[in-house]
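Biologist: I am new to this structure and would love a close look at a single part of it. Could you pick one helix and walk me through it and its surroundings?

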Amino acid sequence: TAVFLAALYAAVTVALAVAAAERLWRRRSLSPAEVAVLTAMVSPSVAGLSLVAERGGWELMGFDMKVLALTVAHFHFAGFAAALIAGPTYTTVPGALSAMPPIVIPAGIAVVFVGYFTTDAVELAGTVILAAGMWLTGWLIWRDVRPLAASRLTRVLFGISAGALAFTMLLALDWAAGQAWDTIPPLSLEVMATTHG
């Protein structure tokens, strides 16, 4: 039952990825906002396929169940949500700085993905790139987007979300550095799930 339900969800995410390919073909644009939207449309398919494999107990591409379960969460947050937020941040406050996260975040995700199949050092480099994109997004939200909000509650929520990026990406960097260098003790998966997650 779990595999069947996950497969239904995965089918929707794959359809979204196909729609992204069609969108790219129609628009033929790789503007920062467009890259963010395309990344947001494709990322859930990685999560959906990982979910099917994890629910079925199948090691997809050599990844164990724990990594597959974490992949589901990461591609919904780091892939889908982060890209989806970076794009409107750029369109809300356009400029050279706000044009960077919609490009840097997908690049970081791609380098981390390559790192899974190559070395921990490549994964660390991807995490640094991704963290830089996330921190810049948080800073832009704090500095430029938050003050535009009409209500105090919305400004507070923007502030919390911007601040959360600073903390959670420090944990991601610690994790990746601990995987790449023996001199840095990595946090456990349980600690990462309750803090970074």
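**A close look at helix H3**

Modeller: Happily! Let's start with the residues of H3 that are buried: Leu-68, Thr-71, Val-72, Phe-75, Ala-78, Gly-79, Ala-82, Ala-83, Ala-86, Gly-87 and Thr-89. Please keep in mind that this is a predicted model. The spacing in that list makes sense with one general idea: an α-helix has 3.6 residues a turn, so residues three or four places apart point the same way.

What do the buried residues of H3 pack against? Their partners are helix H2 (32-56), helix H4 (101-117) and helix H5 (120-145).

Now for the helix as a whole. H3 runs over residues 65-92, which makes 28 residues, and at 1.5 Å a residue these should span 40 Å. The C-alpha atoms at its ends are 39 Å apart, so the expected and modelled spans agree. Along the way there is a kink of about 35°, centred on His-74. At the N-terminal end, Asp-64 acts as a cap, with a side-chain oxygen 3.2 Å from the backbone nitrogen of Lys-66.

Next, let's visit H2, beginning with two serines. Ser-43 is part of this helix, and it counts as buried because its relative accessibility is 5%, where the cut-off for buried is under 20%. Beyond the residues up to four places away in sequence, Ser-43 touches Phe-75, Gly-79 and Phe-80. Phe-75 and Gly-79 are among the buried residues of H3 listed above. The side chain of Ser-43 also has a polar atom 2.9 Å from the backbone oxygen of Thr-39.

Ser-50 is in H2 too, and with 4% relative accessibility it counts as buried. Setting aside neighbours within four places in sequence, Ser-50 is in contact with Leu-60, Leu-68, Thr-71 and Val-72. Of these, Leu-68, Thr-71 and Val-72 appear among the buried residues of H3.

Leu-49, also in H2, counts as partly exposed, at 45% relative accessibility. With neighbours within four places left aside, its contacts are Ala-10, Val-14 and Leu-60. Leu-49 and Leu-60 are eleven residues apart along the chain, and their C-alpha atoms are separated by 8.7 Å.

Finally, how do H2 and H4, two of the partners of H3, meet each other? Pro-32, Ala-33, Val-35, Ala-36 and Thr-39 in H2 meet Pro-102, Ile-103, Pro-106 and Ile-109 in H4. The two axes come within 8 Å and cross at roughly 40°, and the crossing is left-handed.

Notes. Residues are numbered from 1 along each chain as its sequence is written. This is a predicted model: local features need pLDDT of at least 70, side-chain atom pairs count only at pLDDT 80 or more; totals for chains, interfaces and linings use all residues. Side-chain values use heavy atoms; hydrogens and water are left out. Helices (H or I, at least four residues) and strands (E, at least two) are DSSP runs, numbered from the N terminus. The expected span of a helix is 1.5 Å times one less than its number of residues. The bend at a residue is the angle between axes fitted to the seven residues ending there and the seven starting there. Buried means under 20% relative accessible area, exposed over 50%, partly exposed in between (1.4 Å probe, protein chains only). Contact means heavy atoms within 4.5 Å. A polar contact is a pair of N or O atoms within 3.5 Å; within protein, one must be able to donate a hydrogen and the other to accept it, and residues adjacent in sequence count only if both atoms are side-chain atoms. Axes are lines fitted to C-alpha atoms, for helices over the stretch in contact, and angles run from 0 to 180 degrees between N-to-C directions. A crossing is left-handed if the near helix is turned anticlockwise from the far one by less than a right angle, and right-handed if clockwise.
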